[in-house]
Number of protein chains: 2
Amino acid sequence: MTENIENILTQKDINPTAMRLLVLDFLLKQTAAISLTDLEKGLDPSDRITLYRALKKFEEKGLVHSIDDGSGATKYALCENDCEAGHHHDLHVHFYCNTCKETSCLPKHHIPQIALPEGFKSEEVNLIVKGVCNKCVR
Amino acid sequence: MTENIENILTQKDINPTAMRLLVLDFLLKQTAAISLTDLEKGLDPSDRITLYRALKKFEEKGLVHSIDDGSGATKYALCENDCEAGHHHDLHVHFYCNTCKETSCLPKHHIPQIALPEGFKSEEVNLIVKGVCNKCVR
DNA sequence: AATGACAGCGCAATAGCATTGCAAACTAGC
DNA sequence: GCTAGTTTGCAATGCTATTGCGCTGTCATT
């Protein structure tokens with residue numbers, strides 16, 4: 001069981017330490033993107049800085065991607081399989097629910113091509129839709 | 001001359017104080033969206049808090065809109081004419097230049113409709129394109 | 001088995017940003 | 001001129017990201 005998680009790390013060239021296994025395990029259980037504070041609360045007696053560095057390492061190695069949803073805190077979520085170190089493919093839409101404050105990925109919804117004016121070169125696109133998610137709507 | 005600026009404020013139901021005239025005047029001179037810190041530096045011997053509250057007031061009254069470009073600092077830019085108090089129409093794309101760190105509005109590029117999954121309700125869309133702007137590209 | 005290099009971890013500390021409370025200064029209406 | 005309400009400036013708070021440093025455990029080499 002833990003073998004699985006460990007494999008994920010080693011495949012991404014990340015040393016599987018106890019702390020990192022915990023973090024990855026926690027991430028795998030999430031349905032939405034989580035902030036550093038969420039992670040800290042989820043893994044109670046843990047140091048915030050250590051978790052921060054674990055996430056940074058994961059991001060650097062292409063295991064998670066970070067999302068800035070405008071809530072002030074950076075959110076993190078596991079990447080799709082096709083991400084590589086330093087070369088993210090997270091060109092999908094993120095959804096921020098104004099009610100439950102959860103940020104989730106909508107990987108099926110690709111970001112449409114934006115026609116930029118002459119001389120502009122696009123390197124990255126960030127599309128956040130805010131509203132009410134399917135759990136909060138009624 | 002100052003008459004003009006004053007009129008803009010009164011039309012938006014904002015008391016035209018000296019400070020606010022200065023802020024609006026500064027905003028009118030900008031080609032890109034500016035952060036609070038930019039504003040503070042541009043109007044040198046001014047209190048950051050006062051400027052912050054001026055911008056808040058402007059935003060509340062529909063004179064400027066705020067943009068979170070992921071740089072950590074909120075940027076502000078004047079609205080188009082069709083904005084009203086509490087009811088913004090800033091559904092245009094924002095461009096963040098990774099080189100000069102400037103954020104500009106691309107009002108001609110409307111945000112395409114995003115088809116959300118069942119049960120999701122969109123209230124606001126935030127589309128930031130990052131790359132190199134026409135001044136920095138070569 | 002001892003040693004040394006190194007990675008990871010936890011604590012402390014820093015810096016930048018948004019935001020609020022409070023008291024002084026100012027403005028407008030009476 | 002006086003009072004009420006608005007605006008301003010200072011101080012302070014809280015949250016976030018980020019870095020430095022020393023301790024600890026691990027692993028390889030001798």
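1. Let me start at the DNA. The surface near DNA strand D has 6 nonpolar, 5 polar and 6 charged residues. Here a residue is near the strand if one of its heavy atoms lies within 4 Å of it. As for the classes, Ala, Val, Leu, Ile, Met, Phe, Trp, Tyr, Cys and Pro count as nonpolar, Asp, Glu, Lys and Arg as charged, and the others, Gly among them, as polar.

2. A word on the model before you read on. It is predicted, with local features needing pLDDT of at least 70 and side-chain atom pairs counting only at pLDDT 80 or more, while totals for chains, interfaces and linings use all residues. Residues are numbered from 1 along each chain as its sequence is written, chains are lettered from A and ligands numbered from 1 in the order in which they are written, and side-chain values use heavy atoms, with hydrogens and water left out.

3. Back to DNA strand D. Of the 17 residues around it, Y52(A), T17(B), M19(B), R20(B) and R53(B) come nearest. Of the strand's atoms within 4 Å of the protein, 68% belong to sugar or phosphate and the rest to bases.

4. Three side chains are worth a look at the phosphates. R20(B) has a side-chain N or O atom 2.8 Å from a phosphate oxygen of DNA strand D. For K56(A), a polar side-chain atom lies 3.3 Å from a phosphate oxygen of this strand, and for N15(B) the distance is 3.4 Å. The elements giving two or more residues to this surface are helix 3 (36–42) and helix 4 (48–60) of chain A, together with helix 2 (18–29) and helix 4 (48–60) of chain B. Helix 4 of chain A brings the largest share, 5 residues. Helices (H or I, at least four residues) and strands (E, at least two) are DSSP runs, numbered from the N terminus.

5. Now the protein interface. In contact (heavy atoms within 4.5 Å) are 30 residues of chain A and 30 residues of chain B. The two chains bury about 2600 Å² between them, 64% of it on carbon and sulfur atoms. Buried area is the accessible area (1.4 Å probe) that two parts lose on being put together, summed over both. In chain A, I114(A), F120(A) and K130(A) lose the most area to chain B, together 19% of what that side buries.

6. What about polar links between the chains? There are 0 salt bridges between chain A and chain B, taking a salt bridge as a side-chain nitrogen of Lys or Arg within 4 Å of a carboxyl oxygen of Asp or Glu. Across the interface, 10 residue pairs are in polar contact, both residues at pLDDT 80 or more. A polar contact is a pair of N or O atoms within 3.5 Å; within protein, one must be able to donate a hydrogen and the other to accept it, and residues adjacent in sequence count only if both atoms are side-chain atoms.

7. Strand 6 of chain A deserves your attention: it supplies 12 residues, the largest share of the side of chain A that touches chain B. By class, that side has 16 nonpolar, 8 polar and 6 charged residues. Strand 6 of chain A pairs with strand 6 (residues 121–132) of chain B in the antiparallel sense over 11 bridges; strands pair if DSSP finds at least two bridges between them. G131(A), for instance, has S122(B) as its bridge partner.

8. Finally, chain B has an open sheet of 3 strands in the order 1-3-2, with antiparallel pairing. Its edge strands are strand 1 (34–35) and strand 2 of chain B, each pairing on one side only.
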